[in-house]
Amino acid sequence: MLLLILDLLGIAVFAVSGALLAVRQRFDIVGVLVLAAMTGLGGGWIRDVLIGVTPPTSLADWRYLIVPVACGLLAFWFHPALERMDRPVIVFDAFGLGLFGVAGALTASEHGAGPVPAAILGMVTCIGGGIIRDLLAGRVPVVLTTGELYAIPALAGSAVAAVGFELGAPTVAVAVPAAALTIGWRLLAIWRGWRAPSPRRT
Amino acid sequence: MLLLILDLLGIAVFAVSGALLAVRQRFDIVGVLVLAAMTGLGGGWIRDVLIGVTPPTSLADWRYLIVPVACGLLAFWFHPALERMDRPVIVFDAFGLGLFGVAGALTASEHGAGPVPAAILGMVTCIGGGIIRDLLAGRVPVVLTTGELYAIPALAGSAVAAVGFELGAPTVAVAVPAAALTIGWRLLAIWRGWRAPSPRRT
Amino acid sequence: MLLLILDLLGIAVFAVSGALLAVRQRFDIVGVLVLAAMTGLGGGWIRDVLIGVTPPTSLADWRYLIVPVACGLLAFWFHPALERMDRPVIVFDAFGLGLFGVAGALTASEHGAGPVPAAILGMVTCIGGGIIRDLLAGRVPVVLTTGELYAIPALAGSAVAAVGFELGAPTVAVAVPAAALTIGWRLLAIWRGWRAPSPRRT
């Protein structure tokens with residue numbers, strides 16, 4: 001139950017980021033709702049399709065669907081207020097990242113993926129929705145270009161979760177430190193200005 | 001048999017729209033055929049992958065494949081004539097929308113999707129191909145931005161079909177009013193200039 | 001064993017092309033590795049998802065995953081040297097094209113696809129990764145626009161492989177001429193400047 005609430009909270013934060021981008025790009029109501037849904041749920045859908053869980057859990061369960069719709073409508077009407085909340089959104093987003101990565105890696109592991117694919121699928125759960133959001137909005141996916149430490153902490157937490165599962169550790173003993181690694185690294189990176197490296201320019 | 005013909009007609013209209021966009025963007029023959037195929041069949045492929053029907057019906061059956069190839073070649077050679085047919089194309093497109101939504105929702109329902117996911121998958125069948133077309137052509141998907149009443153009538157018809165299936169109504173009794181709702185709403189919206197709302201500008 | 005090595009070589013060539021594009025577009029390390037992986041493996045993932053092989057073979061097997069990671073890191077550090085190797089890369093790429101098409105068509109056939117879908121899925125294996133690469137890099141997929149003879153030789157080889165499989169010929173007797181057709185046609189097209197047709201301009 002706690003896990004479901006945390007999962008829905010992560011979806012909500014991602015959905016708001018998608019909906020606000022749609023508003024900024026002057027999308028209509030359909031665009032706002034589609035971007036909210038794909039940003040919140042798209043990463044999980046890609047993961048589920050890749051491991052053969054069809055229909056994806058969050059497509060079959062209306063509780064998952066109602067969250068991005070509500071967030072999309074909220075952003076549609078109250079986007080000026082939401083835009084001003086960027087500080088708390090960054091922190092919530094870090095928590096969403098930690099939860100999505102761990103949940104994604106454990107879901108993949110439970111469906112028979114080895115630790116390496118499971119770690120990758122955890123990261124895919126984290127960044128897939130944002131990549132779809134950016135493609136639909138006509139911009140190059142920010143997760144690939146800005147040097148933000150985003151995908152790397154997500155992969156690290158996912159890897160810890162996948163290895164812990166492989167070693168047979170109890171779920172809570174795996175999930176908490178794995179999510180904490182992602183969240184802590186992400187927040188420290190924002191606070192201290194740590195960056196991922198980029199290729200030397202020539 | 002009638003259903004197959006209607007389905008192929010819908011694919012043909014969508015394929016022509018993809019092929020003509022490819023011609024306008026100066027794609028080569030490969031681009032024209034790929035855009036024709038993905039616009040006509042892409043929405044159904046996404047739906048089938050999401051509900052676990054693999055390979056997608058319209059990939060396994062050559063009768064579905066030959067339609068976009070023929071439409072692509074037609075557009076390749078006769079695009080000036082086809083471009084002038086935009087009025088009938090808009091009407092055919094509305095019929096394609098109604099048929100795709102209902103067929104998509106019923107297919108999803110038959111494979112065990114509940115009414116809410118089935119309605120969404122009906123809409124995905126309608127708009128998925130056009131979204132892939134626009135992404136491949138390097139433009140923001142028009143269905144998300146223009147305020148046209150397109151996805152919303154599609155979702156409405158899909159929802160009626162999905163709920164009718166859930167209630168155990170016979171297929172024809174469900175499909176005809178559901179498709180009529182989509183087609184009628186779409187044509188009225190074009191005729192009367194109805195628009196979907198967009199967020200207030202700030 | 002030989003087949004695995006050839007397959008990994010094809011993935012490597014594709015991965016290098018993705019990583020170099022990412023470097024040119026000023027992506028960070030995450031972008032370089034993601035583009036390397038998706039260009040090398042994305043076509044096979046699309047094929048596997050469409051025929052229901054989940055998780056995709058090259059996601060489940062770490063030997064496939066390590067190749068694009070190594071290529072991505074190589075491009076990250078040594079991109080000036082790799083950029084100068086464009087002549088051998090074009091030849092290797094033609095070999096990758098031949099191998100991917102045949103391997104893709106035979107994989108699809110073995111999972112029950114008929115000859116027409118199998119030929120198409122062979123071509124999808126060849127061009128899918130490059131299309132994802134270009135979309136993620138924010139450009140229109142080059143395979144659709146330039147008039148290069150690329151997808152057509154790939155489809156031809158894939159079709160020969162699919163038909164050969166259908167007729168019950170032994171794998172080697174099918175794979176060698178099929179790959180040779182693709183590779184030969186592709187190299188001849190580069191050498192002689194053959195082009196695919198484009199629509200007349202109006």
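1. How much area does chain A expose, and what share of it do carbon and sulfur atoms supply? The exposed area of chain A is about 8600 Å², and 70% of that comes from carbon and sulfur atoms. The model is predicted, and the values below should be read with that in mind.

2. Fold content. Chain A contains 8 helices and 0 strands. Read from the N terminus, the order of elements is α-α-α-α-α-α-α-α. Chain A has a radius of gyration of 16 Å, close to the 17 Å that the globule rule gives for 202 residues, so it is as compact as a globular protein of that length. The C-alpha trace of chain A spans about 50 × 50 × 30 Å along its principal axes.

3. Burial and contacts. Of the 202 residues in chain A, 54% are buried; the cut-off for that label is a relative accessible area under 20%. If one takes the contacts in chain A between residues at least 6 apart in sequence, 75% of them join residues at least 24 apart.

4. Charges. Chain A carries 13 positive and 11 negative charges. The mean positions of these two sets are 12 Å apart.

5. Relation between copies. Chain A is superposed on chain C by a rotation of 120° with 0.0 Å of shift along the axis, at an RMSD of 0.0 Å. That is the relation of a three-fold axis. As for the surfaces used, only 7% of the interface residues of chain A are also interface residues in chain C, so the copies meet through different surfaces.

6. Cis peptide bonds. In chain A, the bond between A:Thr54 and A:Pro55 is cis, with omega about -10°. A:Pro55 sits in the loop between helix H2 (29-51) and helix H3 (57-60) of chain A. In chain C, a cis bond runs from C:Thr54 to C:Pro55, with omega near -10°. C:Pro55 is placed in the loop between helix H2 (29-51) and helix H3 (57-60) of chain C. When checking the model, both bonds can be inspected directly.

7. Positive phi at Arg26. Which phi does B:Arg26 have, although it is not a glycine? The value is positive, about 65°. B:Arg26 belongs to the loop between helix H1 (2-24) and helix H2 (29-51) of chain B, and it is partly exposed, with a relative accessible area of 41%. C:Arg26 also is not a glycine and has a positive phi of about 65°. The loop that holds C:Arg26 lies between helix H1 (2-24) and H2 of chain C. With a relative accessibility of 40%, C:Arg26 counts as partly exposed, because that class covers values between 20% and 50%.

8. The C-terminal segment at A:Ser198. This residue lies in the segment after helix H8 (171-192) of chain A. Is A:Ser198 buried or partly exposed? A:Ser198 is partly exposed, at a relative accessible area of 40%. Within chain A, the C-alpha atoms of A:Ser198 and A:Thr145 are 8.5 Å apart, while 53 residues separate the two in sequence. Across to chain C, and leaving aside neighbours within four places in sequence, A:Ser198 is in contact with C:Phe27, C:Asp28, C:Ile29 and C:Phe76. One of these partners, C:Ile29, falls in the range given for helix H2 (29-51) of chain C.

Definitions and conventions: Residues numbered from 1 in each chain as written. Chains lettered and ligands numbered in written order. Predicted model: local features only at pLDDT ≥ 70, side-chain atom pairs only at ≥ 80, totals over all residues. Heavy atoms only, no water. Helix = DSSP H or I, 4+ residues; strand = E, 2+ residues; numbered from the N terminus. Rg over C-alpha atoms; globule rule 2.2 N^0.38 Å. Buried < 20%, exposed > 50% of the residue type's maximum accessible area, 1.4 Å probe, protein only. Contact = heavy atoms within 4.5 Å. Areas by Shrake-Rupley, 256 points an atom, 1.4 Å probe, with all protein chains shown as cover. Lys, Arg positive; Asp, Glu negative; His and termini not counted. Charge placed at Lys NZ, Arg CZ, Asp CG, Glu CD. Least-squares fit on C-alpha atoms with pLDDT ≥ 70 in both.
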